[in-house]
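Dear colleague,

Please find below the structure that I am handing over to you. My findings follow it.

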Amino acid sequence: MSDDTDETTGGGDATLADLRTVADYQFGAGAGAALFPDDDLTVRRSTSGRPRQVLADEGRIVSYGTDGRFTLGVEGGVRLVESLSAPSNRVTVGEESEPFVRDGKNAFAKFVRAADPAVRPGDEVAVVTPEDDVVGVGRAELSADAMADFETGMAVFVRNGAGDR
């Protein structure tokens with residue numbers, strides 16, 4: 001027996017509205033509508049009914065942790081980057097780092113070209129090229145200031161690389 005249940009939901013679902021509110025709080029105003037538009041989305045839930053993942057036809061948008069925060073999937077990163085103005089929720093890496101991040105390898109401070117000044121350690125971010133193409137998503141390990149100052153160390157723990165997307 002599976003511990004997940006699937007539910008397809010539209011824009012009028014109260015739970016989807018709650019998820020939008022959490023996204024707006026975590027990523028900034030407008031993020032909820034960007035991540036969870038009125039399209040049909042699949043919400044995978046635990047047996048207790050708590051949302052675990054939100055999926056679209058294009059892939060996983062987010063997972064919803066027990067700490068009440070989202071972890072981005074590549075599709076979620078793409079949706080944020082397309083809808084929120086730069087540099088919101090982004091860490092930009094140079095071309096020498098791009099292929100490695102696409103393969104799911106971590107982004108190091110030495111290769112960071114720019115970062116949203118509001119990024120703090122533990123924040124979910126999209127890793128992008130200077131052209132704003134998403135190459136991965138993950139958790140910031142350093143603040144934006146530290147990413148700019150440090151020549152060594154991991155800047156972003158990359159959870160998912162974008163691959164050939």
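How much space lies in the largest pocket? The answer is about 260 Å³. A pocket here is an open set of points on a 1 Å grid over the protein atoms alone, where a 1.4 Å probe fits, with protein on both sides within 12 Å along at least five of seven lines. Grid points are joined across faces, edges and corners, and the volume is the space filled by probe spheres set on the points.

Please note that this is a predicted model, in which local features need pLDDT of at least 70 and side-chain atom pairs count only at pLDDT 80 or more, while totals for chains, interfaces and linings use all residues. Residues are numbered from 1 along each chain as its sequence is written, and side-chain values use heavy atoms, with hydrogens and water left out.

The pocket

The lining of the largest pocket comprises 14 residues, a lining residue being one with an atom within 4 Å of a point. Nearest the centre of the pocket lie Y25, Q26, F27, R120 and D123. Two elements, α1 (14–27) and β9 (124–128), give two or more residues to this lining, and α1 gives the most, with four. Helices (H or I, at least four residues) and strands (E, at least two) are DSSP runs numbered from the N terminus. The lining has six nonpolar, three polar and five charged residues; Ala, Val, Leu, Ile, Met, Phe, Trp, Tyr, Cys and Pro count as nonpolar, Asp, Glu, Lys and Arg as charged, and the others, Gly among them, as polar.

R120 and D123 also form a salt bridge with each other, their closest N and O atoms being 3.5 Å apart. The term denotes a side-chain nitrogen of Lys or Arg within 4 Å of a carboxyl oxygen of Asp or Glu. R120 is exposed, at 52% relative accessible area, whereas D123 is buried, at 13%. Buried means under 20%, exposed over 50%, and partly exposed in between (1.4 Å probe, protein chains only).

The nonpolar cores

F27 appears again in the largest nonpolar core, which has 24 residues; F27, L35, F36, I61 and V62 touch the most other members. Such a core is a set of buried Ala, Val, Leu, Ile, Met, Phe, Trp, Tyr and Cys residues joined through side-chain atoms within 4.5 Å. Among the elements that give two or more residues to this core are α1, α2 (31–35), β4 (59–64) and α3 (74–83). A second, separate core has 18 residues, including V91, A109, V125 and A144.

Beyond four places in sequence, L35 touches A23, F27, I61, V62, L72, G76, R79 and L80, contact meaning heavy atoms within 4.5 Å.

Other salt bridges

The whole structure holds ten salt bridges. In one of them, R79 pairs with E58 at 3.3 Å between the closest N and O atoms. R79 lies in helix α3 and E58 in the loop between β3 and β4, so the pair ties together parts 21 residues apart in sequence. R79 is buried, with 10% relative accessible area, and belongs with E58 and E75 to a network of salt bridges.

Another salt bridge joins the side chains of E96 and R113 (2.4 Å, N to O). E96 sits in the loop between β6 (90–93) and α4 (98–102), and R113 in strand β8 (residues 112–115), 17 residues away. E96 is partly exposed at 34% relative accessibility, and R113 is partly exposed at 46%.

With kind regards
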